[in-house]
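Let us go through this model by question and answer. Salt bridges, burial and surface are the topics.

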Amino acid sequence: GINAEYGSGPYDKEDEEADKIYDRVDERMDERRKARREERLKEEIKRYRIEKPKIQQQFEDIKRELSSMNDYDWDAIPEVTNMTRTKKNKNTRAERFTPVPDSVIERMAYQSGHNTYADSGTASVMLGTATSLGLKTPAPGELDLL
């Protein structure tokens with residue numbers, strides 16, 4: 001109760017009656033606030049529906065037109081098919097590219113007796129183009145792997 005909260009004295013029947021009155025007033029105010037809150041929510045929903053109607057509402061006129069279609073028009077509608085590709089249908093292995101190591105290229109060149117470099121080593125060596133074996137790393141387009 002009020003007196004018990006403020007500790008100003010013993011809680012008697014008058015305090016209890018006052019608490020009941022305050023509780024009823026609080027309940028009534030809550031009901032009024034709830035009614036206003038619900039009314040405001042209804043208005044907001046109504047405004048939102050005017051600005052952004054449901055998909056169902058957007059197609060109501062088209063749905064009404066469907067009732068006037070004849071059998072020929074219905075038969076002309078194509079069947080629905082799934083046009084999406086699945087990963088199962090793709091050959092992902094063929095789409096991957098794994099570069100061939102320099103050691104394999106060098107071994108193949110050595111075995112076949114062919115030089116894989118376009119310049120035969122006559123060009124000056126640039127920093128960052130030498131391999132750990134001292135071989136020149138070919139520039140893009142110098143190797144013909146096809």
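Q: How exposed is Arg28: buried, partly exposed or exposed, and at what relative accessible area?
A: Buried means under 20% relative accessible area, exposed over 50%, and partly exposed in between (1.4 Å probe, protein chains only). Arg28 falls in the middle class, partly exposed. Its relative accessible area is 48%.

Q: On what terms should these values be read, and from which number does residue numbering start?
A: This is a predicted model, where local features need pLDDT of at least 70, side-chain atom pairs count only at pLDDT 80 or more, and totals for chains, interfaces and linings use all residues. Side-chain values use heavy atoms, without hydrogens and water, and residues along each chain, as its sequence is written, are numbered from 1.

Q: Which residue meets Arg28 in a salt bridge?
A: Side chains of opposite charge can pair when their charged atoms come close. A salt bridge here is a side-chain nitrogen of Lys or Arg within 4 Å of a carboxyl oxygen of Asp or Glu. Arg28 and its partner are three residues apart in helix α2, about one helical turn. The N to O distance is 3.9 Å, and the partner is Glu31.

Q: What is the relative accessibility of Glu31?
A: Glu31 lies in helix α2, as does Arg28. Glu31 counts as partly exposed, at a relative accessibility of 49%.

Q: How far apart are the closest N and O atoms of Arg33 and Asp30?
A: Arg33 and Asp30 sit three residues apart in helix α2, separated by about one helical turn. Arg33 is partly exposed at 41%, and Asp30 is partly exposed at 43%. They form a salt bridge, with the closest N and O atoms apart by 2.4 Å.

Q: With which residue does Lys20 form a salt bridge?
A: Lys20 is partly exposed, with a relative accessible area of 46%. Its partner lies four residues away in helix α2, about one turn of the helix. That partner is partly exposed too, at 36%. The closest N and O atoms are 3.6 Å apart, and the partner is Glu16.

Q: How many salt bridges does the rule count?
A: One joins Lys20 and Glu16. Another joins Glu31 and Arg28, and another joins Arg33 and Asp30. The count comes to three.

Q: Which side chain makes a polar contact with the side chain of Asp19?
A: Asp19 lies in helix α2 (residues 13-51); helices are DSSP runs (H or I, at least four residues), and strands are runs of E, at least two, all numbered from the N terminus. Asp19 is buried yet has no salt bridge, and the nearest side chain of opposite charge, Lys20, is 9.6 Å away; Lys and Arg count as positive, Asp and Glu as negative, with His and the chain ends not counted. A polar contact is a pair of N or O atoms within 3.5 Å; within protein, one must be able to donate a hydrogen and the other to accept it, and residues adjacent in sequence count only if both atoms are side-chain atoms. At 2.6 Å, the contacting side chain is that of Tyr11.

Q: How many helices and strands does the chain have?
A: From the N terminus on, the elements run α-α-α-α-α-α-α. The secondary structure comes to seven helices and zero strands.

Q: What percentage of the chain is buried?
A: The chain has 146 residues. Buried residues make up 5%.
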